[in-house]
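Here are a few short exercises to work through with the model open beside you. Try each one before reading its solution.

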Amino acid sequence: MAIVANPGTSRFILSSLLTGALLFIPSLVFAAASVPSADSVQLAWWIWMALLFIFTFLLGIIAVIAGVGGGVLFVPIVSSFFPFHLDFVRGAGLLVALSGALSAGAPLLRKGLANLKLALSMALIGSVSSIAGAMVGLAMPEKTVQLLLGLTIIFISFVMYRSKNSAYPDIRTPDALSSALRINGIYYDEQMKKEINWQIHRTPAGLLLFILIGFMAGMFGLGAGFANVPVFNLVLGAPLRVSVATSVFVLSINDTAAAWVYLHKGAVLPLIAVPSIAGMMLGTKIGAKLLTKIHTNLVRRIVIALLAVAGLRALLKGFGI
Amino acid sequence: MKDSVHADRVQLAYASVLGIASAVGMVLIVVGYLIYVFELLPSAASVSDVAAHWHLRASELHQTVPVPSGWDWTGDVLRGDVLSYASIIYLSAATIVCLAFIVPVLIGERDAIYTIITILQVCVLVFAAAGIVSGGH
C-alpha cells in the first residue's frame, strides 16, 4: 500500500530537519571547544575543517531558502561558534560572498537581470568606501569590532523581520542623474510572462547609501546583499529581480576591493577560507533545488532568530562578557 | 525566450569572461587546498601549526607563523600553502580581469561615460590589489 504524505507536512518536516541540523552543529562546536586541553584543538584541526565545511554547507542551503546572502550569516555565526580569530572569519566571509557572486554573476548578466550600468555607477563609490571600511575594521581593537558587529547584526535581523520588498515599483519620472547615466532596462519576467521596462529615481540618495553599505561590508567582511537589495528596490525603485541580480554584481566588485585589504593585512587563511567557500557553494546549489520543497517562511524566521542570537553573542563579546 | 535578448554586448562580453574565470577559480581553490592539506608539496608552516595559532589576530599570527600574505609569496610558488593562497589571489583578481576585458568593448561602443567609470573602477581595484590603497607592504 502506498503511503501518500501530505505535502504541507513533509515540507514542514524537511524544514525542521534542516534547521535542526544547522542548530546541531553549533552545539557540537561548543562541546568540542569546551575540551580543556589546548593540544586537542591542535590535533583536531581537520575536525574543525570538517565541521566548518558541514556548517557552511547547511548555511548555504538555509541562506538560499531564507532569501539572504551567505556572507551575512557566515561572519556572525562562524565567529560565535568557531575558535578562529575574527580577522580570519571576516577575511573568509568576504571570500565566501565574493565566490558566490562570481559563480552566480554570468547567468544573471546574460538574462539581462543584472544591469551593468546600474551596478557600475553604484560600485565605483561603494568599492572605495569598502576599502576604507576594511582598513578601519582591521585597525580597530577586536572588542570594538565585536560590539559594532553585534549592533549591526541585530539591526540587520530587525530590518529582515520588518522589510517588505516591492516586486515591480512604478517609477514614472527618472531623476536627472540616472537619465544622464542611462540607467534603465528591460527584462523578461518569467512569472508575469512579459517584458518589464524599468527606470530608477533618487540616484544621489542611492549613491550616498552605497558609501555606507560599502564601508560596513569592508569593515565586517559581510556580503552586503541584505542592504544592496532594499536600496536598489525601495530607494532607487528597480524591480525586485533586477535588484537582487544587480546586488550580486555590485557585491563582486565591492568585496573584491575589501578582500585585497584583508589579503595584504594577512587576514586570509586558505585553511579557513577554502572549506567555507566550498561548503557554501555546494549548499547554495542544493538549497536552490530544495527551494520549492521547503517551508521558506519558517526557515526565514529561524534564520532571523539565529542572526539575532549571533548578534547578541557578538555584542556580549564586545562587552567582554 | 533567448536569454541574451535583453543583455547588451558589454554585458555579454563581461558574462563570457566571468563564466570562464569563476569556473577555473573554483577548480583552482579545491586543487590548491588538497595539495596544501595533504602536504603533497612542502609548506613554510604546517597546517597544524597554523591551526594552533588561528585564534590570534592576523598581525600576531604573522609574527609567529610564516604564512603567505599580500604578494610576499611570489618568489616561492612551489609550496603547498602558497598554491592554496595563490588560488585565492586568482579569485580576488577575477573581477579586475572581467572589468578590464570590457573596456575595449565600451570604447568600441563609443560609450564615453561608462568607459571612464570602468577605467576608474579598474584603477581602484588595481591600486587595492597592489597594496597602494590597502595598506600592503
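**Exercise 1.** With which residue does Asp8(B) form a salt bridge, and how far apart are the closest N and O atoms?

*Solution.* Some ground rules come before the steps. This is a predicted model, in which local features need pLDDT of at least 70 and side-chain atom pairs count only at pLDDT 80 or more, while totals for chains, interfaces and linings use all residues. Residues are numbered from 1 along each chain as its sequence is written, chains are lettered from A in the order in which they are written, and side-chain values use heavy atoms, with hydrogens and water left out.

Step 1: look for a side-chain nitrogen of Lys or Arg within 4 Å of a carboxyl oxygen of Asp or Glu. Step 2: Asp8(B) pairs in this way with Lys117(A), with 3.8 Å between the closest N and O atoms. Step 3: count the salt bridges between chain B and chain A, which gives three.

**Exercise 2.** Which helix of chain B gives the most residues to the side that touches chain A?

*Solution.* Step 1: list the elements that give two or more residues; among them are helix 1 (9-37) and helix 4 (80-108) of chain B. Helices here are DSSP runs (H or I, at least four residues). Step 2: helix 1 of chain B comes out on top, with 14 residues.

**Exercise 3.** How many residues does each chain bring to the contact?

*Solution.* Step 1: take contact as heavy atoms within 4.5 Å. Step 2: chain B brings 66 residues and chain A brings 69.
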